[in-house]
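Trainee: I am new to this structure. Could we go through some of its helices and strands together?

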Amino acid sequence: MSEFKYHYGIKMRIFPSREQKHQIDNNINASRFAYNEMVAIDKELFQLRKVKCYIASVVNRIAYLQKRKNNTQMLFALHPWLSGTNVGTDVVDQARRAYQSAWRLFRQVHRSGTPKFHKKQMSGSFQLPNRYAKVQPNLFNGSCRFLDSKHVKISLIGRLRVSGSHRRLFSCGNDVRIGTITVSRDATGRYYLSMQLGSDTPFVVGGKQQISPVGIDLNTDNFLTDSNGNIVANPRYYRSIKGKLAKAQRKLSRRALRAKKENRPLREAKNYQKQRVLVATLQRKVANQRNNFLHLVSTTLIKNHDLVVAEELRSKNMLRNHALAMSIADVGWRTFLGMLAYKADLYGHKFVTVNPRNTTQTCSECGYLMHGDEKLTLKDREWTCPQCGNHHIRDWNAAKNILKKGLASA
């Protein structure tokens with residue numbers, strides 16, 4: 001897929017039958033099992049290599065583990081249940097690639113942590129590569145392909161009904177290639193299909209080029225204020241449902257305690273499982289509302305401006321402030337900036353981030369920097385510049401300064 005100029009991803013909901021659900025669940029479990037096998041092997045190799053005086057048994061064990069680590073067929077031979085549950089070798093190979101990718105990320109970033117064991121959860125996923133015969137690859141051929149506007153065919157699973165916004169891709173189906181696909185299950189038992197797409201023609205036809213750069217200031221009072229003075233209100237989706245969610249979670253906790261007192265596994269406790277699905281549904285509703293809002297705002301900004309400038313925020317550091325942590329997590333700044341970045345590439349526009357240092361404390365008209373006792377606090381929403389006398393709305397002034405920094409660096 002790297003040879004294509006344009007890349008795109010779509011996510012659709014799928015509606016498998018009971019047998020297909022069972023098959024998907026088996027492959028999810030196999031993918032997690034293969035990943036955990038890799039983690040266990042590397043942990044054992046690490047301990048064996050710490051032995052300073054190598055003996056024959058240690059050397060042989062290291063050689064055996066090295067061979068087992070890179071051999072998919074060996075994994076199937078050691079665990080016959082994988083073949084008995086109709087698990088594909090591609091699923092295991094993709095789990096191995098995911099493990100290797102996790103190590104690459106650790107070496108590049110170091111803050112991501114080394115790969116850990118994946119515990120069994122109600123949600124999960126597995127990946128499959130798409131294989132093409134000797135024909136022109138497009139949306140309608142390959143081992144994973146669209147059959148029509150409502151159905152797809154996936155190797156190992158078969159024909160599935162889908163719903164989503166994929167129909168607009170059919171007009172350019174002969175130029176689009178499907179790469180890796182991901183089949184996932186969420187905590188409420190819904191199933192989804194994600195596709196990685198590549199093409200040499202743009203997926204989105206950009207509109208008329210708008211020569212109108214804009215700077216945006218992100219804050220918790222309002223979601224954002226741009227350099228033109230427009231304000232987007234903060235919907236606060238989590239806060240609106242927090243009380244109802246807390247009540248449902250307390251009920252879930254009580255049912256878990258009752259099941260444990262009666263020595264019943266939680267997976268067999270029907271009342272607990274019903275309440276767990278209810279809690280997961282509330283959380284999914286908040287996540288969907290937030291994602292929908294972020295998509296609408298980010299698409300509007302990118303489509304209407306040829307340059308969007310935002311402040312580079314370190315959400316992880318800001319979450320350490322216990323007084324603002326919930327508001328910061330609820331607003332979804334990091335996700336929003338990621339959407340702006342990939343949509344700018346999609347529409348052929350430009351998105352840059354700048355250091356937010358002193359953007360709030362600086363006058364956008366004369367450049368005077370507030371210092372000492374003059375410094376603004378969070379409660380100061382409006383202020384007057386002591387040098388030029390201009391009256392500023394705090395967030396609007398910050399957005400203007402962010403735009404100036406972006407124009408200087410662009």
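Mentor: Happily; we will take a sheet, then a pair of helices, then a single helix, keeping in mind that this is a predicted model.

Trainee: Which are the edge strands of the open sheet with the order β2-β6-β7-β1-β5-β4-β3?

Mentor: Seven strands make up this open sheet, with antiparallel pairing. An edge strand pairs on one side only. Those strands are β2 (124-128) and β3 (145-148).

Trainee: What stands opposite F146?

Mentor: Let's look at how β3 joins β4 (residues 151-154): the two pair in the antiparallel sense over three bridges. The residue in β4 that stands opposite F146 is V152.

Trainee: Are α7 and α10 parallel or oblique to each other?

Mentor: The axes of α7 (residues 270-304) and α10 (residues 333-347) come within 9 Å and cross at roughly 40°. Angles under 35 degrees would count as roughly parallel, and 65 to 115 as roughly perpendicular. The crossing angle therefore makes α7, relative to α10, oblique.

Trainee: Which residues of α10 make the contact with α7?

Mentor: The crossing of these two helices is right-handed. On the α7 side, the contact includes N291, L294 and H295. On the α10 side, the residues are T335, F336, M339, L340, Y342, K343, A344 and Y347.

Trainee: How far does α11 reach from its first C-alpha to its last?

Mentor: Helix α11 spans residues 394-409, which is 16 residues. At 1.5 Å a residue, 22 Å is expected, and the model comes close to that. The reach is 23 Å.

Trainee: What covers the buried residues of α11?

Mentor: Among the buried residues of α11 are R394, I402 and L403. Their cover includes strands from several parts of the chain, among them β8 (214-218), β11 (307-311) and β14 (391-393).

Conventions. Residues numbered from 1 in each chain as written. Predicted model: local features only at pLDDT ≥ 70, side-chain atom pairs only at ≥ 80, totals over all residues. Heavy atoms only, no water. Helix = DSSP H or I, 4+ residues; strand = E, 2+ residues; numbered from the N terminus. Expected span 1.5 Å × (residues − 1). Buried < 20%, exposed > 50% of the residue type's maximum accessible area, 1.4 Å probe, protein only. Contact = heavy atoms within 4.5 Å. Pairing = 2+ DSSP bridges. Axes fitted to C-alpha atoms, helices over the stretch in contact; angles between N-to-C directions. Parallel < 35°, antiparallel > 145°, perpendicular 65-115°, else oblique. Left-handed = near helix turned anticlockwise from the far one by under 90°.
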